Each structure stands twice: as C-alpha cells, then as structure tokens.
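Biologist: Could you take me on a close look at a single part of this model? I would like one connected walk through it, with the surrounding context added where it helps.

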Amino acid sequence: MIFLPSKPDLAATSATEAVETARDERYLEAAALYGVQLVRMARAYEADPSRRQDLLQDVHVAIWRSLLTFDGRCSLRTWVFRVAHYTATKHMLANRRVRLHEMHTLDDLPDIEDERSASASAVEADSLQRLLTLIERLKPLDRQVILMYLEDFSAEAIGEVVGLSPSNIATKIHRVKKLLATMFHERNGQ
Amino acid sequence: MNGNTVWQSQTLEVPRISLQYVRRQAERLNSDIRRELRFGIFGTVLSALGCGFLVLGPAPGWSIVGVPAPIVLVVQLTALLSFLACGYLTIQIQRRGKLQLAAEHEQVMQSLQAYRTALERRRDHYASAWRWSFWPVLPGMIIILGGDLLFDERPHKWLRLSLAALVCALALLVGGWVSFRKSAGFQREIDALKTLDQNGN
C-alpha cells in the first residue's frame with residue numbers, strides 16, 4: 001500500500017518552508033546591511049578578541065532566531081539592534097558580573113584620564129581607544145545609547161531600540177554630546 | 001574629527017558568518033532543556049526495565065533470595081510507582097521546556113526588559129521545581145518504607161528502615177537544594193540587572 005501525503009500536510013509544509021525562506025532572506029539582508037555596525041558594537045561590549053568573536057556569533061544566531069517573529073511593526077534596523085544589544089548585554093552580564101560596581105551612568109561618569117599620545121600619527125588610534133574606554137565604563141543602557149548615537153541613529157530610533165521616552169533619550173544624548181565634545185575638543189585643540 | 005567619525009572609521013575585519021553556521025548554532029541553543037529531557041527519558045526507560053523485571057519477572061527468582069510475599073508486593077509496587085513518577089516528570093520537563101522556548105520567541109520587545117523576563121521565567125521554573133517534582137516520587141517512597149515497616153521480619157529492621165528513610169530524605173534534599181541554588185543564581189542576576197539599569201527608567 002502506498003501512502004501519499006494529504007493536501008493539508010503539503011500546504012502546511014510549504015507554508016513552513018516559506019516562513020523559513022523569508023527568515024533566511026531577512027537575515028541575509030540584515031547581515032549585509034548591518035554586519036559592520038554589529039562588529040563595531042561587539043568591540044564595544046567585549047575587549048577580548050576571541051570572546052568578541054563568540055559574542056558576534058551569538059548576536060547573529062539571536063538575530064536569525066528572532067526574525068521568525070519579525071512582523072514589520074518596526075524597521076529591520078531597529079529590530080536587529082534591539083536583538084543585538086539584548087544579546088550583548090546578556091554576554092556582558094554573564095562575563096563581567098564581578099565588575100558591575102565599576103560601571104557608571106552618563107551622569108556620574110568620572111573624568112576620563114587624559115592619555116594623549118605625543119605622536120601625531122597615533123591621534124586617531126588614541127581617540128578611538130579613549131572612546132572605547134569611555135564606553136566600557138558605561139552601564140548597559142547608556143552604552144546602548146552612546147553606541148547608537150555614534151552609529152548616527154536618530155533620537156527617535158534610539159528610543160525605539162532601548163525603550164526609553166523621547167525626553168529621557170534627549171537628556172542622555174545631550175550628555176553624550178557634551179562628553180564627546182569635551183573629549184574631541186581637547187584632541188583637536190592639542 | 002568628531003566621535004562619530006572616529007567610531008565609524010575604525011578598521012575592523014568583518015568575519016564571514018554563513019547562514020548554515022547560524023542555523024547549526026541555533027540548533028545547539030537550549031541544550032540545557034534537551035539535556036534534562038534526555039535524563040528524564042533515560043530515567044523512564046531504566047525504571048521501565050526495572051519495573052518490567054520486578055513485576056513480570058519469574059516467581060522463582062524471588063524464592064531464591066527468600067523474600068516474603070508482602071515484601072515482593074511492596075517492591076513491585078514501588079518499582080511501578082517509580083516508573084510512573086519518572087514518566088510524569090519527563091512529560092513535565094518536555095512541556096515546560098516547550099513553553100519556555102515559545103515564550104523566548106515572543107520576548108524580543110526591549111532588550112533589558114526581555115532579558116529580565118527570561119531570567120524571571122527561569123528563576124520561577126527552578127523555584128517551583130520541588131512542587132511538581134516532589135509529589136510524584138513521594139508515593140513510591142512511602143510504599144517502600146511503609147511496606148518495609150509492616151512486612152519485613154528480618155533483624156535490624158529499624159536500622160535498615162532509618163537508613164532507607166535517610167537516603168530518601170537526602171535525595172529529596174539534594175534535589176531541592178540544586179533547584180534552589182539555580183533559582184537563587186537567576187535571582188542574583190536579576191538583582192544585578194536592577195542595579196545596572198536603575199538610572200534609565
């Protein structure tokens with residue numbers, strides 16, 4: 001006796017395949033569009049290169065998994081960065097719990113030490129290092145805000161990702177701008 | 001030069017992560033749930049074999065070791081109850097694991113809030129583990145201890161009974177302690193999270 005799959009089964013299978021294909025396509029689109037930004041984000045969350053690689057892979061896996069429930073109510077970029085920051089925060093909490101007390105908010109951040117290099121050619125690398133040092137000292141929420149600000153996200157987009165009110169975001173961005181202006185004014189004026 | 005320029009102009013190697021790799025890694029996630037389920041299935045199969053041997057085994061086997069008939073009944077009943085308890089626990093592990101996975105798909109709302117929700121769900125899972133895993137094993141324990149108390153006529157009955165009761169109590173305590181420790185670990189992480197984002201909301 002030959003058993004043939006019934007029509008509803010075939011329909012269900014093709015529907016599942018369609019959903020899976022759509023997810024794969026979205027993932028590939030997201031990886032192509034935001035891959036570089038995700039690498040930069042991973043660098044801000046994890047200093048160790050091999051663990052950073054693990055984090056980046058976790059981020060990609062989390063994005064792929066989450067895209068099954070992506071319904072288009074927010075932009076793909078907002079969705080991708082929500083998942084990415086969520087995964088990175090998880091990674092940070094899992095690996096750096098002992099140092100949580102050393103982290104600061106944007107408001108209580110102590111002055112960054114001036115580590116200006118004498119070499120003019122090292123200015124850019126030094127600036128980046130100072131920026132990374134600043135980011136590493138921030139608590140997750142403020143870290144998310146500053147990273148997205150540095151990636152040219154609008155205040156509204158940052159609010160969508162981190163889930164804070166526009167007024168809260170405006171206050172934080174004001175503080176970020178002030179910090180960066182101080183840091184880079186010093187740098188440019190040296 | 002400003003912060004945005006410095007940040008975006010950093011030279012970084014973008015590793016190639018293939019779709020196949022991502023799919024394979026995603027399958028490996030939630031391995032803890034699958035491991036618990038494997039333990040449950042293994043326990044159920046083992047207890048089924050033990051139960052089959054003790055309940056359906058040939059009667060002469062019992063006569064060789066000289067076990068009185070009531071004790072045989074107690075042992076068989078205990079084996080049967082242990083099998084049922086293992087089966088029940090395995091079903092519970094599978095059901096609760098499925099619920100957790102389903103909920104994780106829905107939780108991508110706000111990053112920190114989502115993480116907190118996931119932690120709370122896992123904490124509650126382990127905090128309530130004793131409620132759904134304790135009572136299924138209780139009947140078996142009562143039967144074996146009660147049966148021993150009533151029908152065992154061999155010497156040093158109380159010593160053996162006390163030891164058996166101690167082993168049962170220890171097993172329950174260790175199970176409860178492991179669940180409590182896991183639950184407390186998740187609670188500590190939730191507390192750490194509260195201190196982390198207290199400025200944001």
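Modeller: Happy to. This is a predicted model, so a word on confidence comes first: over residues 114–118 of chain A, pLDDT stays under 50, and the model has seven contacts beyond four places in sequence for that stretch. Residues 1–7 of chain A also stay under 50, and there the model has one contact beyond four places in sequence. Across chain A the average pLDDT is 78, with 75% of the residues scoring at least 70.

Let us settle on the pair of helices α5 and α6 of chain A. Chain A holds seven helices and zero strands, so its pattern along the sequence reads α-α-α-α-α-α-α. Helix α5 covers residues 140–150 and helix α6 covers residues 155–162; their axes come within 10 Å and cross at roughly 145°. The crossing of α5(A) past α6(A) is right-handed. On the α5(A) side, the contact is made by A:L141, A:Q144, A:V145, A:M148 and A:Y149, while α6(A) brings A:I158, A:V161 and A:V162. By character, the residues of this contact comprise seven nonpolar, one polar and no charged. The spacing of such a set is easier to read with a general point in mind: an α-helix has 3.6 residues a turn, so residues three or four places apart point the same way.

Staying with α6(A), its buried residues are A:I158, A:G159, A:E160, A:V161 and A:V162. Three names, A:I158, A:V161 and A:V162, thus appear both in the contact with α5(A) and among the buried residues of α6(A). Just after this helix, A:G163 takes a positive phi of about 80°.

Now for the link between the two helices. A:D152 lies in the loop between α5 and α6 of chain A. Its phi is near 65°, a positive value in a residue other than glycine. That is worth a pause, as most residues other than glycine have a negative phi. A:D152 counts as exposed because 11 other C-beta atoms lie within 10 Å, and the cut-off for exposed is 12 or fewer.

From α5(A) we can also step across to another helix. A:Q144, one of the contact residues of α5(A), has its C-alpha atom 9.8 Å from that of A:A88, although 56 residues separate them along the chain. A:A88 sits in helix α3, residues 76–95 of chain A. With 27 other C-beta atoms within 10 Å, A:A88 is buried, since 20 or more is what that class requires. Leaving out residues up to four places away in sequence, A:A88 touches A:M41, A:A42, A:Y45, A:L55 and A:V59.

For the wider setting, buried residues make up 35% of the 190 residues in chain A. Of the contacts in chain A with a separation of 6 or more, 62% come from residues 24 or more positions apart.

Chain B offers a counterpart to the loop residue. B:H156 is found in the loop between α8 (138–151) and α9 (157–196) of chain B, and has a positive phi of about 60° although it is not a glycine. B:H156 is exposed, with 10 other C-beta atoms within 10 Å. Chain B itself has nine helices and zero strands, and 18% of its 201 residues count as buried. In chain B, residues 24 or more positions apart account for 81% of the contacts with a separation of 6 or more.

Methods:
Residues numbered from 1 in each chain as written. Chains lettered and ligands numbered in written order. Predicted model: local features only at pLDDT ≥ 70, side-chain atom pairs only at ≥ 80, totals over all residues. Axes fitted to C-alpha atoms, helices over the stretch in contact; angles between N-to-C directions. Helix = DSSP H or I, 4+ residues; strand = E, 2+ residues; numbered from the N terminus. Left-handed = near helix turned anticlockwise from the far one by under 90°. Contact = placed C-beta atoms within 7 Å. Nonpolar A, V, L, I, M, F, W, Y, C, P; charged D, E, K, R; others polar. pLDDT = per-residue confidence, 0-100.
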